[in-house]
Amino acid sequence: MDVTVINCPNCGAPVSSHAEKCEYCAAEVLIKSFKKVRKTPSSEINKYINNYLSSVPNNPNNCDLNVSIGLCWLRIQKYDNAITSFEKAQENNMGNHLPYFYAAIARLKGRKPFLCNKQEIGQMETELNAAVDISSDCLSYYFLACIGKDYYKRKFLKHDPSYEYYLDSAYENGLTEELESEFFEMTNFTF
């Protein structure tokens, strides 16, 4: 992981990208999950985006910075911008499943899988399978189960493995009701 000096999105002080919170104002330095931004007002999100974007030219390959930008774009439903940020985070980083998982969420663009075309579903599945290969992430398995049920089953298309397989894998890897709720807040749909 790169050590990067960025400006605090709240007060503008220089801070390390490894710092959880700014030492001057105690604001979150980098956003690492959708949970951290889901209730943040849009005006605050825009402030974070502008601050992060000013750090990108000096740190274009910093995975955490690009994920943070993508999460901000995802929160304000600028899906294409989010996808671009997550893809940039994927480029030089094979050890973190989050850019793959969140890219798949962004490709959904606030729709149910049933409303997506086959190419979009294929891209989501590719990214979710990459996330699963990296970490056996329960939410990635859960998303694959949702795609299986809402897209393949509803359209009467054969698909292997079945959505039940992915659902079982999600629970085996730690899926909880709280995580299902978090998934719903990201996508507005659930199993």
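This report describes helix packing, salt bridges and aromatic contacts in a predicted model.

## Helix α4 and its surroundings

Helix α4 covers residues 79-91, and its 13 residues should span 18 Å at 1.5 Å a residue. The C-alpha atoms at its two ends are 19 Å apart, which agrees with that expectation. Buried positions in α4 are Y79, A82, I83, S85, F86, A89 and Q90. Viewed down the helix axis, these buried residues fall within an arc of 165°, so they line one face of α4. T84 and E91, on the other side of the helix, are exposed. The cover over the buried residues of α4 includes α3 (63-75), α5 (98-108) and α6 (118-135).

## Two buried positions: L74 and S55

L74 is found in helix α3. Its relative accessibility is 3%, and L74 therefore counts as buried, since the cut-off is under 20%. Leaving aside neighbours within four places in sequence, L74 is in contact with F34, Y79, A82, Y102, I105 and A106. Two of these contacts, Y79 and A82, are among the buried residues of α4. The C-alpha atoms of L74 and K109 are separated by 8.8 Å, although the two residues are 35 residues apart along the chain.

S55 lies in helix α2, which runs over residues 42-55. With a relative accessible area of 6%, S55 is buried. Not counting residues up to four places away in sequence, S55 touches I6, N7 and L65.

## Salt bridges

Side chains of opposite charge can pair when their charged atoms come close. The structure holds ten salt bridges. One of them joins the side chains of K35 and E178, with an N to O distance of 3.2 Å. This pair links distant parts of the chain: K35 is in helix α1 (residues 34-37) and E178 is in helix α9, 143 residues apart. K35 has 40% relative accessibility and counts as partly exposed, whereas E178, at 53%, counts as exposed.

A salt bridge also forms between the side chains of D80 and K109, at 3.0 Å from N to O. Here the link runs from helix α4, which holds D80, to the loop between α5 and α6, which holds K109; the two are 29 residues apart. K109 counts as partly exposed, at 31% relative accessibility.

The side chains of R107 and E127 meet in a salt bridge of 2.8 Å, N to O. R107 lies in helix α5 and E127 in helix α6, so the pair ties together parts that are 20 residues apart in sequence. Both R107 and E127 are buried. Salt bridges with shared partners join E87, R107 and E127 into one network.

## Aromatic contacts

A search of the whole structure finds eight aromatic pairs. Y142 and F183 form an edge-to-face pair, 5.1 Å centre to centre with 85° between the planes. The two residues come from distant parts of the chain, with Y142 in helix α7 (residues 138-153) and F183 in helix α9 (residues 177-187), 41 residues apart. Both Y142 and F183 are buried. Together with F143 and F189, Y142 and F183 form one aromatic cluster.

## Charges over the ring of F114

Two basic residues sit over the ring of F114. R154 lies over the face of F114, at 3.8 Å from the ring centre. The charged end of K155 sits over the ring of F114 as well, 4.7 Å from its centre.

Definitions and conventions
Residues are numbered from 1 along each chain as its sequence is written. This is a predicted model: local features need pLDDT of at least 70, side-chain atom pairs count only at pLDDT 80 or more; totals for chains, interfaces and linings use all residues. Side-chain values use heavy atoms; hydrogens and water are left out. Rings of Phe, Tyr and Trp (its six-membered ring) pair if their centres lie within 6.5 Å; planes under 30 degrees apart count as stacked, over 60 as edge-to-face and the rest as tilted. Helices (H or I, at least four residues) and strands (E, at least two) are DSSP runs, numbered from the N terminus. Buried means under 20% relative accessible area, exposed over 50%, partly exposed in between (1.4 Å probe, protein chains only). A charge sits over a ring if NZ of Lys or CZ of Arg is within 6 Å of the ring centre and within 35 degrees of the ring normal. Contact means heavy atoms within 4.5 Å. The expected span of a helix is 1.5 Å times one less than its number of residues. The arc is that of the directions from the helix axis to the C-beta atoms. A salt bridge is a side-chain nitrogen of Lys or Arg within 4 Å of a carboxyl oxygen of Asp or Glu.
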